[in-house]
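Biologist: Can you pull up the model and walk me through it? I have a few quick questions.
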Amino acid sequence: MSRAGTRTPFDRDRAALWHPYASAGSPEPLWQVEAAEGVRLRLRGEDGAGSDVIDGMASWWCMIHGYRNPVLDAALTEQAGQFSHVMFGGLTHAPAIELAELLVSITPEGLERVFFADSGSVCVEVALKLAVQYQGAGGRPQRQRMLTVSGGYHGDTFGAMGVCDPVDGMHSTFAGLLPNNIFAPRPPSAATATPQEIAVWARAVAALAADNSDELAAIILEPVLQGAGGMFVYPPECLRALRRIADDHGLLLILDEIATGFGRTGELFAADHAGVRADIMCVGKALTGGYLTLAAMLCTNRVARTVSHGAAGALLHGPTFMANPLACAVALASVRLLLAADWRGNVAGINTALTLGLSPARELDVVASVRTLGAVGVIELDRPVDVAEVTRAAMRNGVWIRPFRNLVYTMPPYVCTGADLAVLTRGMVAAVAEVYGDTPGAPMTGEGQ
Ligand SMILES: *Cc1c(COP(=O)(O)O)cnc(C)c1O
């Protein structure tokens with residue numbers, strides 16, 4: 001205790017903690033969160049200075065309704081007053097039942113059965129296992145590999161890593177431990193793709209599927225937007241092509257909507273852009289409005305029935321905290337809140353504000369491109385971002401962002417006002433301009449509205 005008294009929280013953090021993808025005791029700048037309300041975080045820096053910033057990350061894409069949302073707070077407190085957790089083997093409870101029914105009713109048609117997992121990565125593991133079990137139950141036990149596209153991100157556990165981009169993912173470090181999956185080229189960019197390019201790409205994927213169909217269980221990818229793999233948008237037609245390829249070769253189609261679900265791309269689920277029905281779908285992140293960790297795998301009754309009648313007679317997964325009642329209760333409140341609001345109008349409004357507000361970045365020499373999709377706004381640089389410097393500069397401009405690779409991006413909470421979005425986009429553009437010694441050529445529009 002005396003030791004703690006003489007050291008700052010930052011010293012203590014560096015002595016005892018790991019942060020995501022960080023070295024132990026990393027010298028990276030840190031801020032302590034003192035409070036969070038609505039779309040704002042109150043942060044304290046190592047120099048003792050405090051600042052109120054807009055959270056342009058929505059806590060890594062999940063805090064869609066804002067911090068301390070009264071409806072979500074109430075749902076959580078109410079469930080805590082009943083029971084916070086019970087095992088899900090042999091027991092059930094209203095929050096799980098109601099949430100499962102609601103998810104089935106709002107996800108694309110055909111997805112009728114729900115498995116609750118405790119994080120997105122685990123949800124992907126379950127989806128992969130289900131696909132392999134499905135093939136085994138159908139008399140094709142040798143079909144255990146996955147077909148995916150380059151540039152994807154599906155989580156940090158081994159199965160999920162095995163379908164992340166083979167170069168940018170962590171494949172080289174864990175080479176001996178990762179399953180040997182098949183990687184098709186990344187789909188063409190939505191910004192530039194011609195119908196011919198899409199057709200060429202689809203033929204290449206179809207050839208890979210045909211060559212390997214004896215060993216393939218499923219196709220897995222993120223629909224329309226590849227998130228952590230590079231905030232890359234591709235045409236919905238590519239998804240329709242994959243649906244056909246999957247059907248032609250007896251593969252299941254697994255759509256990972258963990259980042260894209262719940263309105264983020266402008267449709268409730270990104271698969272809705274293409275009108276494609278998945279056999280298996282994963283949702284997470286925004287599912288609980290950012291309050292607790294929970295993910296859900298949904299599958300068709302055909303898949304569920306096949307696996308349940310297979311040799312194992314069961315889906316072989318069951319986490320300790322499966323369908324945690326607190327998480328289910330807050331997720332139920334969050335999804336209901338989303339559906340009760342004009343989410344489509346809100347996301348469209350955010351898109352307009354992001355498009356307008358980020359466009360001055362195009363004038364900066366260091367900027368390679370600016371793009372938006374739904375409530376996602378991306379400034380792509382022509383070089384890797386100096387994360388510490390850009391983060392500091394954004395902080396000075398009232399904004400919390402966490403760039404990666406060559407991307408300065410935002411996935412703001414849906415409850416941002418026009419004024420919040422003006423501060424956010426202006427702060428992002430200013431941060432890039434300040435760090436890369438440049439000033440935007442165009443006047444900032446949308447300010448203070
Ligand atoms: C974040 C993410 C995951 C992993 O979810 P965790 O909850 O971090 O395990 C999987 N797939 C996609 C598309 C994601 O964005």
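Modeller: Below we go through the ligand site, some strands, a helix and two side chains.

Biologist: What should I know before reading numbers off it?

Modeller: This is a predicted model: local features need pLDDT of at least 70, side-chain atom pairs count only at pLDDT 80 or more, and totals for chains, interfaces and linings use all residues. Residues are numbered from 1 along each chain as its sequence is written, and side-chain values use heavy atoms, with hydrogens and water left out.

Biologist: Ligand first. Which residues are around the ligand?

Modeller: Trp61, Ser119, Gly120, Ser121, Tyr153, His154, Gly155, Glu222, Asp256, Ile258, Ala259 and Lys285. Each has a heavy atom within 4 Å of the ligand.

Biologist: How does that shell divide into nonpolar, polar and charged?

Modeller: Four nonpolar, five polar and three charged. Ala, Val, Leu, Ile, Met, Phe, Trp, Tyr, Cys and Pro count as nonpolar, Asp, Glu, Lys and Arg as charged, and the others, Gly among them, as polar.

Biologist: Which atoms of the ligand have Gly120, Ser121 and Asp256 as partners?

Modeller: Gly120 uses a backbone N or O atom, 2.8 Å from a ligand oxygen. The side chain of Ser121 has an N or O atom 2.6 Å from an oxygen of the ligand. Asp256 puts a polar side-chain atom 2.7 Å from a ligand nitrogen. A polar contact here is a pair of N or O atoms within 3.5 Å; within protein, one must be able to donate a hydrogen and the other to accept it, and residues adjacent in sequence count only if both atoms are side-chain atoms.

Biologist: And how much of the ligand's accessible area does the protein cover?

Modeller: 83% of the 380 Å² that the ligand has on its own. Areas come from the Shrake-Rupley method with a 1.4 Å probe; for residues, only the protein chains shown count as cover.

Biologist: Switching to strands. Is β5 buried or exposed?

Modeller: Five of the five residues of β5 (145-149) are buried, so the strand is largely enclosed by the rest of the structure. Buried means under 20% relative accessible area, exposed over 50%, partly exposed in between (1.4 Å probe, protein chains only). Strands (E, at least two residues) and helices (H or I, at least four) are DSSP runs, numbered from the N terminus.

Biologist: Which way do its side chains point?

Modeller: Arg145, Leu147 and Val149 go one way, Met146 and Thr148 the other. In a regular strand the side chains alternate between the two faces of the sheet.

Biologist: What does β5 pair with?

Modeller: β7 (216-221), parallel, by three bridges, and β6 (182-184), also parallel, by three bridges. Pairing needs at least two DSSP bridges. Met146 is opposite Ala218 in β7, and Leu147 is opposite Ile182 in β6.

Biologist: Where does the Thr148 side chain reach?

Modeller: To the backbone oxygen of Ile220, at 2.7 Å. Thr148 has a relative accessible area of 2%, so it counts as buried.

Biologist: What about Asp279?

Modeller: Asp279 sits in the loop between β10 (252-256) and β11 (280-283). It is buried too, at 5% relative accessibility. A polar atom of its side chain lies 2.7 Å from the backbone nitrogen of Leu253.

Biologist: Last one. How many residues does α6 have, and how far does it reach?

Modeller: α6 (120-137) has 18 residues and reaches 25 Å from first C-alpha to last, close to the expected 26 Å. The expected span is 1.5 Å times one less than the number of residues. In α6, 14 of the 18 residues are buried. Gly139 follows the helix, with a positive phi near 85°.
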